[in-house]
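I opened the model today to look up strand pairing, the nonpolar cores and the confidence values. My notes follow in the order in which I looked.

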Amino acid sequence: MARHNLRTVIGFEVGRTLSKRRFWITTLLVPIGIAIVMTLMIIGNTSAASTADAQADAAMTFTYSDASGYVDPAVASKMGGTAVTDDAAAIAAVKAGTEDAHFVYPADPSADAVQVSGVDKGLFGNGAYDAVATQLLVLSAQNEIGDPALAELARGNVSVDATTYADGEKAAGFMGVIPPLIYVVVFFLVFTLLSNQMLTSTLEEKENRVTEMILTTLNPTTLITGKIISLFIVGFTQVLVFLAPVAIAYAFFRDSLNIPELDFSALTFDPVQMIVGALLAIGGFALFTGTLVAIGAIMPTAKDAGSLSAVLIILLIMPLYAVSSIVSSPHSFVVQVFTYFPYSAPLTAMLRNAFGTLNGWEAAVIIIELFLLAALVLQLAVRLFRYGSIQYTSRVSLKTVFARTRSDVAPTV
Amino acid sequence: MDFASTTVIEDLSFDVRRGETFGFLGSNGSGKTTTLRALLGIYLPSAGVLHIDGRPFTPEAGSRLGYLPEERGLYKKESVIAVMAYFGALKGLSKKTATAWSMDYLERVGLADKAKTRVDKLSGGQQQKVQLGVTIMNDPELLILDEPTKGFDPVNRRLLMDIIEEQKRNGATVLMVTHQMEEVERLCDRVILLKNGRAEAYGTIPEVQNQYGGTMIRMSYSGDIPASAHYDISTRDRNYAELTLTDSTDEALILRDLVAAGVLVRSFATSKLSLDEIFVSVYGEQNEMAAR
């Protein structure tokens, strides 16, 4: 019966949330926004490519003077340039529209700017002057070097493939940090998306005066468990909806959007780190959800509950302000406090786990702490819901709730 | 049943027999709703338990219980049929059965066209009808109704009472909290009167009437009414008197004794205190004290 009721609660909660127009409007706003930005980027990139092609195809003629001596006249000539000595006359020709542009190369181009004068061709068209003036100098320098490989090295185009070792084994490096960091992103995303729903999920029973009907039909633990599972399903649906346009863009519009190809095979999944990350995320989720449900149960309205939940959210995101310390000084006092304080522990510990600074016993202590506290808070939430949710208009007194304990085994009423 | 250091209900024990309608009576604040909540486990009592057919009640034990709380409420943003189907499922019905039952019920109470309407778009009375439907949709063996007619107009009150009577005919046991004494006299087999968390009276309506003055004789007469151990003269005004019987002596014997004593009896009628009069006599004094 309890399992049937759990399924019924989940079905009802998920069904009514997903059938709401408002849910889809707010959920689809994000992917629609992403799609609009991507469309604009595709249009922009196409336009930029067309402009670049047009600029490349367009025969630009220009004059130049070279005090540095670095410009190769042959290269300049190929690009449509003509050397002159009278800068004033050349600029006058540009002003008159008889010449497209005039470049003045200073004696030391690495220290002083190249002066460019050109006929105005609009915001994007004018970019061609800078490009041509720079390219002329770069190609001249490469010609001077003579060897294309040396020229690339001179431009700093060097790729490095580093391999590091820890305890005699090849270390995963940055590719080993990314997978456990996924838990941080998912945890943060789910909590951000769902915190308000967590808070109001039990307030609804209270505000609608449904609690008494519910409590005589099913166990409050079943109700709250069902609501938490429903929230997770709804949150997962939202994340999928958010990620859909990103996945579609990566699969079908990678070139148009200039998205680099990701080599997922380079990612390293350390099973211990992944398990620890998952446990920290689940424990943290349970703790925060239980706490929000408990807050919802003792407050008469969503507005009243909002102020308390804000404190919780601040506690959650506080470690993000100290992320540089968490990464670089994991044993500093502040990071240690964040690591063990229950409400800042999930994010801090997940970050430290990803960067490999959370050792085994620390992870064990935090995981046990989170799960134990989550169990306690969930029990408290159920108790507060049982008594708090029929205090329809006033805030629940914790003293009263805890005073209601069964004093003995009683005779039949 | 305690709230912090305050004892709200104390040493209260009663049984409701299968198939009967039981009235749970008391003034405002006497502990009726608190008792029901404690029985149903909504409040955790400091002692006591509700047994149904000898087994302790738990929401998920499969007991066929229907409870209409004093505080009415449904999921307001959902459609009527969705809410009814949800509660039906929680009460063990299949979705198909719950939906079919709900449509029949809505037809009966004149809300068939509101099945897909959001609950908060209904009037208060219409919401109450839906809530009553939710209460009885699992064909409950025990129906607990906390002020069921509160907020109903006379027409809908009659409809509701008909539905309750129908449930009773179908074998349901009904426990009803109400302030409407005519409803109690019409429907209830037995009652309990609660005062300050304790049972003030408990039994069938005639038993309670007997407990509170029992039978009263109203008579007009000439002569002197003799003193008797069988009655008290509660009112005497010229040739009219009211005698309250102090034991179960037959009224005919009283009349015979009066005539034998030389009293010329012109009219002689027996009556019992109405529940309404008993209620006023029990709680009026309490209210007067509270007012002071």
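In which sense, and over how many bridges, do β11(B) and strand β13 (residues 240–245) of chain B pair? I found that they pair in the antiparallel sense over five bridges, where two strands pair if DSSP finds at least two bridges between them, and helices (H or I, at least four residues) and strands (E, at least two) are DSSP runs numbered from the N terminus. In this pairing B:M219 stands opposite B:A241. I then noted that strand β11 (residues 215–222) of chain B also pairs with strand β14 (residues 264–272) of chain B, antiparallel and over eight bridges, with B:S220 opposite B:S267.

This is a predicted model, in which local features need pLDDT (the predictor's confidence in each residue, from 0 to 100) of at least 70 and side-chain atom pairs count only at 80 or more, while totals for chains, interfaces and linings use all residues. Residues are numbered from 1 along each chain as its sequence is written, and chains are lettered from A and ligands numbered from 1 in the order written.

Next I looked up the largest nonpolar core (buried Ala, Val, Leu, Ile, Met, Phe, Trp, Tyr and Cys joined through C-beta atoms within 7 Å; buried means 20 or more other C-beta atoms within 10 Å, with C-beta atoms placed from the backbone). This core has 115 residues, and A:M350 and B:V83 are among those with the most contacts inside it. Its largest share, 13 residues, comes from helix α11 (residues 271–298) of chain A.

For confidence, I recorded a mean pLDDT of 81 for chain A, with 88% of its residues at 70 or more.

Technical notes: Buried ≥ 20, exposed ≤ 12 C-beta atoms within 10 Å, placed from the backbone.
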